[in-house]
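Good morning, colleagues. I would ask you to bring up the sequence and the coordinates before I begin.

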Amino acid sequence: MGAIFCPWRLGSLDIPNRLVRSATEEGLSTGDGAPTQRLVDLTADLARGGVGLVVAGSAFISREGRGATNVTGIDHDALIEPLGRMCDAVHGAGGLLAAQLLHSGSTLRPVMVAEKDGPYGPSAESVDPVCGAPVRALTKAQISGVVGDYARAAARAREAGFDAVQIHAAHGYLIDQFLSPARNRREDAYGGSLQHRARLLYEVYEAVRCAVGAGFPVFIKMSAHDGWPGGVQPDEAAQVAAELDRLGIDAIEVSAGTPEGTRRNGWDHIMPAPIPEGRFFAYALTVKDRVSCPVISVEGWRDPLRIAAALERIDAVSLCRPFIREPHLAARWRDGDLTPAKCISCNKCLDLIVDRGLGCIFHKGARGQALTDA
Ligand SMILES: Cc1cc2nc3c(=O)[nH]c(=O)nc-3n(C[C@H](O)[C@H](O)[C@H](O)COP(=O)(O)O)c2cc1C
């Protein structure tokens with residue numbers, strides 16, 4: 001198990017082991033985006049459970065980019081103080097916490113459409129596959145606004161006390177839509193060639209870097225494959241990763257899949273059971289071949305022996321659902337119980353975040369409100 005519990009560096013950040021809690025939307029924030037005490041407690045508990053780095057659930061960088069009513073925000077300065085309390089709680093528990101910055105684009109819950117000016121995407125569409133509403137194309141001025149919103153959100157994350165920021169460029173949200181040749185049919189500098197489709201991402205990275213400074217850890221979660229032939233493909237994703245590496249990104253978390261891939265050919269972006277161990281590992285290796293920064297592989301990691309073997313070729317692995325069921329999974333493995341994660345990938349956690357807040361039907365949560373005992 002030495003490989004798992006071996007320290008590593010994400011930019012200037014020393015991380016004690018190779019297990020990352022991948023960003024997990026908790027549905028436990030107030031209407032204006034402030035974390036509730038239940039979310040603070042849940043996040044601190046993950047830190048106590050020994051995971052090397054916790055990536056908080058995605059935080060919306062602007063009201064327009066908000067994808068659900070109960071998610072965390074980082075779009076205005078009044079949130080710095082409540083977010084700071086979450087950072088303090090994690091640090092008090094001996095952990096490290098990253099903020100994940102997100103503009104949802106048109107990938108949002110249908111109930112959110114009414115509050116939108118858009119919803120917006122790279123190109124106009126008569127109906128978005130996720131929210132079911134017509135999509136408006138962002139103007140160039142609005143794109144500059146989005147870039148500025150990411151930068152200001154990153155500055156707030158740093159001020160609040162987060163240890164790193166992660167740009168969410170995966171899973172069919174706004175930046176991934178720009179990268180997708182099918183979703184992005186623009187004919188200006190933000191569409192067409194890969195360099196043009198990736199321009200928004202590069203501008204966001206540069207603006208975030210400028211906002212937080214050279215020494216502050218900035219990393220990305222990106223989809224190496226959108227899950228259907230018209231979307232982002234692994235070779236293009238690896239080219240984008242190589243350019244981000246050249247620009248100075250501190251790490252790349254490699255995921256895959258979009259809701260559109262699920263809709264078009266059943267290629268789920270958060271796969272239910274049975275899930276292959278390290279489902280997207282091959283994509284992470286493709287990226288690893290092209291970059292010098294650390295690469296993190298996400299999805300389907302459940303068996304510590306398989307994880308240890310993967311760590312001979314990759315820098316870290318990230319897990320989401322296993323930490324919902326077992327917040328202290330890292331400590332369990334560290335202390336010698338090497339049975340695989342108990343998570344059965346039933347995806348009931350995805351239902352719970354909509355109206356009850358993050359939980360596992362098999363887990364007694366912070367308030368002991370288990371739905372099922374097992
Ligand atoms: C309840 C839930 C919420 C999620 N929220 C986010 C999120 O906010 N940001 C993100 O990048 N991925 C999110 N994901 C995806 C996970 O980070 C991860 O990529 C996926 O669950 C696969 O990893 P796993 O097999 O370890 O669960 C979420 C997944 C679940 C199940």
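I shall go through the strands, a helix pair, the ligand shell and some backbone details.

A word on conventions comes before that. This is a predicted model, in which local features need pLDDT of at least 70 and side-chain atom pairs count only at pLDDT 80 or more, whereas totals for chains, interfaces and linings use all residues. Residues are numbered from 1 along each chain as its sequence is written. Helices (H or I, at least four residues) and strands (E, at least two) are DSSP runs, numbered from the N terminus.

Let me start with strand 10. Strand 10 covers residues 218-223 and is mostly covered, since six of its six residues are buried. By buried I mean that 20 or more other C-beta atoms lie within 10 Å of the residue's own; exposed means 12 or fewer, partly exposed is in between, and the C-beta atoms are placed from the backbone. V218, I220 and M222 point one way from strand 10, F219, K221 and S223 point the other way, and all are buried.

Which strands pair with strand 10? One is strand 9 (residues 164-169), which pairs with strand 10 in the parallel sense over five bridges. Strand 11 (residues 251-255) also pairs with strand 10 in the parallel sense, again over five bridges. Two strands count as paired if DSSP finds at least two bridges between them. For the register, V165 has V218 as its bridge partner in strand 10, and S223 stands opposite S255 in strand 11.

Strand 13 (residues 316-319) is likewise covered on both faces: A316 and S318 lie on one side, V317 and L319 on the other, and all are buried. Strand 3 (residues 19-21) runs parallel to strand 13 and is joined to it by three bridges. Here R21 stands opposite L319. Strand 12 (residues 295-298) also runs parallel to strand 13, with three bridges joining them, and I296 has A316 as its bridge partner.

I turn now to the helices. Two packed helices are described by the angle between their axes and the distance between the axes. Helix 3 (residues 140-160) and helix 6 (residues 199-212) pack at an angle of about 35 degrees, with axes 8 Å apart. The axes are lines fitted to C-alpha atoms, for helices over the stretch in contact, and angles run from 0 to 180 degrees between N-to-C directions. The crossing of helix 3 and helix 6 is right-handed, that is, the near helix is turned clockwise from the far one by less than a right angle, and anticlockwise would be left-handed. Helix 3 contributes residues including I143, V147, Y150 and R158 to the contact, and helix 6 contributes L200, E203 and V204 among others. Contact here means C-beta atoms, placed from the backbone, within 7 Å. The residues of this contact divide into 13 nonpolar, one polar and three charged. In that count, Ala, Val, Leu, Ile, Met, Phe, Trp, Tyr, Cys and Pro are nonpolar, Asp, Glu, Lys and Arg are charged, and the others, Gly among them, are polar.

Consider one residue of helix 6, A211. Why is A211 classed as buried? A211 is buried because 20 other C-beta atoms lie within 10 Å. Leaving aside neighbours within four places in sequence, A211 is in contact with A151, R152, A154 and A155. A211 and R158 are 53 residues apart in sequence and 9.1 Å apart in space, C-alpha to C-alpha.

Next, the ligand. Of the 23 residues around it, S22, A23, S58, C320 and R321 come nearest; a residue is near if its C-beta atom, placed from the backbone, lies within 6 Å. Strand 4 (53-60), helix 11 (321-325) and helix 13 (348-355) each supply at least two residues of this shell, and helix 13 gives the most, with three. The shell divides into 11 nonpolar, eight polar and four charged residues.

Finally, the backbone. Most residues other than glycine have a negative phi, and most peptide bonds are trans. A cis peptide bond joins G118 and P119, with omega about 5 degrees, and P119 is in the loop between strand 6 (97-102) and strand 7 (120-121). Another cis peptide bond joins A273 and P274, with omega about -5 degrees. S345, which is not a glycine, has a positive phi of about 55 degrees. S345 counts as partly exposed because it has 19 C-beta neighbours inside 10 Å. N347, also not a glycine, has a positive phi of about 70 degrees and lies in the loop between helix 12 and helix 13.

Notes: Two residues are in contact if their C-beta atoms, placed from the backbone, lie within 7 Å.
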